[in-house]
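Thanks for coming, everyone. Let me put the structure up, and then we'll walk through it.

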Amino acid sequence: MPAASAVGGVAYLEGLAARDAPFRALLVDGLRALDARSREVWRRGFADSTTAQQAECMGHVEKSDAPAGFVAALRDAVYEAYYANPEVWKLIGYRFRSGPRRTATLDPFDPQRVARVRGMGRLYRETT
Amino acid sequence: MRAEPADVVVIGAGAAGAALTWRLASQGARVVCLEQGDWHRPGAFASERTDFEAQLRRGNETFSPNDRKRPEDYPITTAGDGPAFMVMWNGVGGSTVHWEGHFPRLHPSDFRAHQLDGVGADWPVSYGDLERYYDLNDANIGVSGLMGDPANPPRSSRQTPPLPLGRSGEALVRGFEKLGWHWWPSDNAILSRDYAGRTGCDNRGRCNFGCPLQAKASTDVTYWPRALASGAVLRTWARVKEISVAGDGRVDGVVYFDRKGTLQKERAKVVVVCCNGIGTPRLLLASRSRLFPDGLANGAGAVGKNLMNHPSRYIEGLFAEPFETETFTGNPFFSQQFYETDKGRGFVRGYSLMVYRPFGPVSVAWGDSAPVPWGTSHHREMRRRFGHSVGIAVMAEDLPEDVNRVELDPAVKDGSGIPAPRVTYRASENTRKMLAHGAAAARQVLEAAGAIEVMDSGRVANFAHYMGTARMGNDPRTSVVNAWNQAHEVPNLFVVDGSSFATSAAVNPTSTIGALALRAADGIWERRREF
């Protein structure tokens, strides 16, 4: 599976940050926290760290939840970008149909499926 | 020379307003409907976009007006232990534009909760009073389903056959069959075949995000074309400020802001409020006058009280077997095994179990009880969940309580300066016991069906069905409208929508809203000379 950054994930986050001020503020604070962690532990900025080092920083920030909700918001926004991408859909087998014309007919329902239930007798209460 | 007042002015073009307008206009009444929003073009539906799932949380098509903030929306503030999740659509078709189309009817016992179980209130109408209007409403919009359900009274032939169960539905049926419990194909306001010039469903799912096929019966594609052809007038971008009262205590029209923000008055012999269980009490409370200082039709103080919203739990199962990897129409079947009261369960009244499938891959990744983790295990876990999950929602009957209510927010106003509604809500002890029982039952089904894991966030959500806030009843001291949806205090004022429900039952309300609207229209027409 491709990385989120390879299928437009970063551009999506930038677009979201541009139109959603609270998300932008959280993202900026979160990136600062990641960078601070990286410099403290790995002696280099987050952007210059290895993937494993970046993952450690993410895990630390997620565990400390400072800034609150940052990793969850980032994770959800990345999922929002990644799994709305038709390239990814092909890889996971998701089929998206659209437009004003019918693309399939429905399988018929076999009434025999409810034969047992039909025989349960009245389950509702009669009233006056 | 001043124009003659309209015979009837209807406020709100949603489920109730559309049906009532059509019924009256088709009989010859001069009807004007005022709608604060606009038509929604099918090509603009979020369902047509690849980012449709993002609209669950953000964007101008999202379900909550508080997040959407479109010009036609008004803010809704919340208070209390469990603020209701606010969902509605303000436009032609109302929330039927975004609903899922579940179309069950109330049970006969739902109209007699107090008489049978000593709780809630009895409706001043019975199932029998509404039955022919249920049938008429079904025929007008087209319902898919199957006759013969032993949990419900016999009903007329459904217009189209049931929606298919799909592989995930078949798996859950296995569970219900193993337990020997009730289940039945749902009545859905979704055509499984072509009907009345509309195209049948192709099971592409995403119904909540708008149906470009018009297989889903939103009233902008069902009632409104017929109502307009019958001569009804629909004014969009008309935001009602208040209902005006004449010196004799009768209403004489409606004051509204037009699209340019200019105040206008539409004079009327009869006014019908169809603004949903939040918007209706808001408007009645905002319509204060010398004769009605506490709000219109609120002499008993019942307007805004007894809010019910169908609290819910959602339990999801993961299965080893592969299910569909595309979205499917939401609710193929339901169970009412625990619908009628059995006091041995520790609570009164009951609930429905409803099968649900994920919206799409983003929703699966977000997770309901827990997100798919980021990092090295992500794709492995996503493969385990995507195309392998199905869930059961518990829809509990919410009992009417004074403490759950809609009031006017003292500080927050909409863009036109009209006070926002403030919603206060908490789930009762009875409701919580019912939900816990329902969650355990759902888990039992999923396990019997062979789920390899059952996921349960424990979170109490709700179905955002707003009911009870201008309820019907025979006693003017405890209710707002009578059996014909006519205000006790104001003879030419009617309220028809979820707010007029005396109790909530444990089923989706829209088919009953439609039936009440058609019946109220007939009542107005038959007594038109009184107005």
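**Where chain B meets chain A**

Chain B and chain A bury about 4900 Å² between them, and carbon and sulfur atoms give 57% of that area. Keep in mind that this is a predicted model.

Which three residues supply the most on the chain B side? They are B:R58, B:P150 and B:W374. Together they supply 15% of the area that chain B buries against chain A, more than any other three residues.

Now the head count. Chain B brings 68 residues to the contact. Chain A brings 48 residues.

On to the charges. There are nine salt bridges between chain B and chain A. One of them uses B:R58 again: its side chain meets that of A:D20, at 3.6 Å from N to O. Polar contacts link 26 residue pairs across the two chains, counting pairs with both residues at pLDDT 80 or more.

Which elements of chain B touch chain A with at least two residues each? We have the helices α3 (113-117), α5 (166-179), α8 (361-366) and α9 (378-385), plus the strand β4 (184-185). By class, that side of chain B has 33 nonpolar residues, 19 polar and 16 charged.

Let's stay with α9(B). Its buried residues are B:H378, B:E381, B:M382 and B:R385. They sit on the same side of the helix, because they cover an arc of only 100° around the axis. What do they pack against? From chain A, there is α4 (70-82). From chain B, there are α8, β9 (311-318), β12 (389-396) and β15 (453-456).

Turn α9(B) around. The face away from the buried side carries B:R380 and B:R383, both exposed. Just after the helix comes B:G387, with a positive phi of about 80°.

One more stop, this time in a loop. Look for B:N485, between β16 (461-462) and β17 (493-495) of chain B. Is B:N485 buried or exposed? Buried, with a relative accessible area of 1%. The side chain of B:N485 has a polar contact with the side chain of B:S500, at 3.2 Å.

Who else does B:N485 touch? Leaving out residues up to four places away in sequence, the list includes B:M472, B:L493, B:F494, B:V495 and B:V496. B:L516 and B:A520 are also among the residues that B:N485 touches.

That's the tour. Over to you for discussion.

Key. Residues numbered from 1 in each chain as written. Chains lettered and ligands numbered in written order. Predicted model: local features only at pLDDT ≥ 70, side-chain atom pairs only at ≥ 80, totals over all residues. Heavy atoms only, no water. Contact = heavy atoms within 4.5 Å. Buried area = accessible area lost by both parts, 1.4 Å probe. Salt bridge = Lys/Arg side-chain N within 4 Å of Asp/Glu carboxyl O. Polar contact = N/O pair within 3.5 Å; in protein donor to acceptor, adjacent residues only side chain to side chain. Helix = DSSP H or I, 4+ residues; strand = E, 2+ residues; numbered from the N terminus. Nonpolar A, V, L, I, M, F, W, Y, C, P; charged D, E, K, R; others polar. Buried < 20%, exposed > 50% of the residue type's maximum accessible area, 1.4 Å probe, protein only. Arc of directions from axis to C-beta.
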